[in-house]
Amino acid sequence: MKIRLILLLSALLPLSAGAGQSSLMLGLGAGYGAEYEGSDKTETTALPLINWEWQRDESCAGGFGLHRASAGVEGVGAAFWCAGRAAVSVNGGYDLGRDSGDSAYLSGLPDVDGGASIGLGFQFGDEGEGGEEWQQQEGGFGFELGIATVDGDLVANAEVSYPLFGFLEAGIGVNYADKGRTQKYFGVIGNNGSDAGTKMGECAVVAAGNDNYRGMNYCSQIGGGIQSWTLSLETFIPLPFGGGESWAVNIGVDHTTLAGDAADSPLVRDKSSTEVSAAVVWFRER
């Protein structure tokens, strides 16, 4: 389940935050979505939310230098160039990969190894108005572009977001993966008994005992390209607690549609999936 902390922070921390300001966000919730990308079966998982962020200056007009830093469950990041509404950052995290035990459809397939994610990001967005902690950014849009390497593979994503009706953050995104990444997740070769449980290139060979993919060879035709499109909605509902702290309920919905060679994989039972998450969030700013 994807935890979209970047959008959480864009709502919680408007660009007009004071100089040298830091914030801490803690939350706990649950998510409901597909067992893996392409599955037609669903599962419910716990979602811990932990994030700290620091911002040096108000206007982001200082050019090169450390302007923002963040650390949380999705990784770490630092904005090293900032000018008005635009910022360039370097980000690091970890991709957990995929376990063959995640679904009966994956039984007999080798696990997809996790790996460190290191990349660059570009963000552009209008400033919020009014200064309220839980207020969506009124009247302005946001744009994010990220390019990273994960376990030697190249991945990228881009998203445009815009506030709707004063309480919703809507977004549309596109995700790219190179050939190696697509083969690891969606390439599959039916076993012939001699190479069960191994890999050919980056494509998994199904172990003996799982006949769902017998006779299939979906590997050599896989290439890199757009892997999926995502539509998202997110909102915060403030809770009536004060004393220098803020509480809210965060609700998010992501609808993802696989595309290209990923969508044509025999591992894919459903090309579209919807993820729903809800969490109670505590937030404090200093």
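Start by selecting E43, which sits in strand β2 (residues 42-55). Strands here are DSSP runs of E with at least two residues, helices are runs of H or I with at least four, and both are numbered from the N terminus. You're looking at a predicted model, where local features need pLDDT of at least 70, side-chain atom pairs count only at pLDDT 80 or more, and totals for chains, interfaces and linings use all residues. Residues are numbered from 1 along each chain as its sequence is written, and side-chain values use heavy atoms, with hydrogens and water left out.

**Stop 1: a charged patch**

Keep E43 selected and add D99, D102, D111 and D113: together they form a patch of negative charge on the surface. Asp and Glu count as negative, Lys and Arg as positive, while His and the chain ends are not counted. Patch members have over 30% relative accessible area and no salt bridge; like charges are joined within 9 Å, and nonpolar side chains (Val, Leu, Ile, Met, Phe, Trp, Tyr) within 5 Å. Each charge is placed at NZ of Lys, CZ of Arg, CG of Asp or CD of Glu. E43 counts as partly exposed because its relative accessibility is 33%. The scale runs like this: buried is under 20% relative accessible area, exposed is over 50%, and partly exposed is in between (1.4 Å probe, protein chains only).

**Stop 2: two strand residues**

Now jump to S89 in strand β5 (residues 86-95). Is S89 buried or partly exposed? S89 is buried, because its relative accessibility is 5%. Show what is around S89: leaving out residues up to four places away in sequence, S89 touches A78, A79, F80, G119, L120, G121 and Q123. A contact means heavy atoms within 4.5 Å. Try a distance too: S89 and G77 are twelve residues apart in sequence, and 6.7 Å apart from C-alpha to C-alpha.

Next, pick A116 in strand β6 (residues 115-125). A116 is partly exposed, because its relative accessibility is 44%. Skip its neighbours within four places in sequence, and A116 is in contact with G93, Y94, T149, V150 and D151. Between A116 and G92 there are 7.3 Å, C-alpha to C-alpha, although they are 24 residues apart in sequence.

**Stop 3: helix α2 and its salt bridges**

Select helix α2 (residues 179-186), where seven of the eight residues are buried. Those seven are G180, R181, T182, Q183, K184, Y185 and F186.

Which residues are linked in a network of salt bridges? Show D95, D151, D153, R181 and K184 as sticks to see them. A salt bridge here is a side-chain nitrogen of Lys or Arg within 4 Å of a carboxyl oxygen of Asp or Glu.

- D151 and K184 pair up at 3.0 Å, N to O. D151 is in the loop between β7 (142-150) and β8 (153-164), and K184 is in helix α2, 33 residues apart.
- R181 and D153 meet at 3.7 Å, N to O. R181 is in helix α2 and D153 in strand β8, so this pair ties together parts 28 residues apart in sequence.
- D153 also meets K184, at 2.8 Å, N to O. That pair links strand β8 to helix α2, with their positions 31 residues apart in sequence.

R181 and D153 are both buried. K184 counts as buried because its relative accessible area is 9%, whereas D151 is partly exposed at 35%.

**Last stop: zoom out**

Show the whole chain: it has three helices and 16 strands. Of its 286 residues, 44% are buried.

Conventions: Accessible areas come from the Shrake-Rupley method with a 1.4 Å probe; for residues, only the protein chains shown count as cover.
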